[in-house]
Amino acid sequence: MDGSRLFLFGQSVSLLGDGLALLAIPLLVLQLTGSPVVSALAVAPRAIGYLIAGLPAGPLVDRADPWRVLIAADTVRMTVFLLLALALAVGRCPVAVILCLACVAGVAGVFFETALAVAVRDVCTGPRLIRANGFLETSGQLAFVAGPAAVGVLVAAAGQEATLLANAGTFAVSLVTVSRTNRWLSAADFTGAATTVVAKRPAPHGTGVSGSVVSEFWSGLRYLITSPVVSGITLLQAVTNLGVGAETLIPFFACERLGASAALVGLVVAGGGIGGALGALIAAATGPRMAPIPMCLTGLLLMAVGLALVGLAPGVLWLAVANALLVGASMVVVVVVRTLRQQVVPRALLGRVTSTARSLVLTATVAGTMLTGLLTRQCGGNPRPVFIGAGVFVVMSTALVRVGVLGPAARQSAQSAHRTRFLARIAVCPQLPGLRHRREQLGDSRYRWSGTQRTAGIIRECGAHGVERGCSDGLSPRSLPGGDRGA
């Protein structure tokens, strides 16, 4: 098993630990207190972790070695669950301590997820990157379905301590695989093999970096705002999540409006998990052959269809299928956006851009959940119009962002790619002896010329030498934007 496969295997096991933690800690709190209110608080450590560390995690990951951050985060999470198991065995563990330890694990999870975005980019390049992200999202969705069920089986068979120890074991597996992959990457960098297998890793900043974490955060935020593609996909996710927040009403809708039992509500939720796993697999399989922006927009439109079908659902089976479509389409968007961000953002900024974007999207999701809940209350407790309205909102917001932000960014990217191919043909065009020397002269003047001026100068030279007749690939100076100027 090579380093990348070992790493992905370890992360799939770690995601199973996240699925186990969904129910393990709330059950522990419920066992000790008997209070459903307090046990409900034990579900929130991940959200609390992002509130505490969501923004500073990015600059700190960029400042340090992301692989060491992964190792430290796994160590913290493993230690937390070992302490919880020990405290339960001893029988003396205040609930406040349990909740604090759960929040510590949540903060460590935020650092881990931020560093993981950089680590996956280090391990996988090219088409393998979207496949790796799709595999991780598939594992995560299956873990969220199987994890709570596994907790129930473990508690019934061996007690609550076994569940906590199993959770610690998943993070131990992740710790071992991350450490071994890090050593494999270091050896690849040393021998030069990383040029064909993985991306070469720049040296970490270390502790001697000048500037504060706040200034580094602002530099990441500045990049997120000024990069057309990154700002476009982040805005798209944040705005549409205001509408997708309605999906949290699905269990309420199934129970109160469709009269579903607890088992049938579980079936509806499980349908979403299975649909999410299939959506991530589809993204991994088709992503390398499709353009990312159209694929992302298609996923968003399918999410809108899923929301509308949820609102029109006459029964539980329809609702389960609609939920599967909704979650599956959302996983397609998640995989594509994550991969595109990893490809576009420089590695030195990837941690802070990732954490900032996730914090913004999470904030929009929370706001959308609250907004759809209030709208349902205004509709007399009937969420059907809210689901349909959310679908319409997702379609309208997707269209606006596509036209206003992503459209110009796509045209600019296409023009840049066209110009790059044209200049590459100039260097090897056999009908133009001496033009390469002239191109090099123009290129050497880049300290005095802007990129547009340099390209225009080369285009004028091409016009003088008859490139339109000499190049056979159909690229000509006049086919470029601004190619007529100065010809």
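Which residues have the most contacts inside the largest nonpolar core? Keep that in mind as you look through these close-ups of a predicted model.

**View 1. The largest nonpolar core, built around 43 residues.** The residues with the most contacts inside this core are Leu319 and Phe387. Plenty of helices chip in: H10, H11 (250-256), H12 (262-286), H13 (292-311), H14 (316-344) and H16 (384-428) each supply at least two residues. H14 gives the largest share, with 13 residues. As a bit of background, nonpolar side chains tend to be buried together in soluble globular proteins.

**View 2. Phe387 and its neighbours.** Leaving out residues up to four places away in sequence, Phe387 touches Ala246, Glu247, Leu249, Ile250 and Phe253. Its contacts also include Leu307, Ala308, Val310 and Gly311.

**View 3. A second, separate core.** Here you're looking at a core of 26 residues. Among them are Ala57, Val61, Ala108 and Phe111.

**View 4. Asn241, tucked into helix H10.** Helix H10 covers residues 228-244, and Asn241 sits within that stretch. Is Asn241 buried or exposed? Asn241 counts as buried because its relative accessible area is 15%, and the cut-off for buried is under 20%. Not counting residues up to four places away in sequence, Asn241 touches Val361, Ala364, Thr365 and Gly368.

**View 5. Helix H15, from residue 347 to residue 378.** H15 has 32 residues and reaches 46 Å from its first C-alpha to its last. That's close to the 46 Å expected at 1.5 Å a residue. After H15 comes Gly380, with a positive phi near 75°.

Note on methods:
Residues numbered from 1 in each chain as written. Predicted model: local features only at pLDDT ≥ 70, side-chain atom pairs only at ≥ 80, totals over all residues. Heavy atoms only, no water. Helix = DSSP H or I, 4+ residues; strand = E, 2+ residues; numbered from the N terminus. Expected span 1.5 Å × (residues − 1). Buried < 20%, exposed > 50% of the residue type's maximum accessible area, 1.4 Å probe, protein only. Contact = heavy atoms within 4.5 Å. Core = buried A, V, L, I, M, F, W, Y, C linked by side-chain atoms within 4.5 Å.
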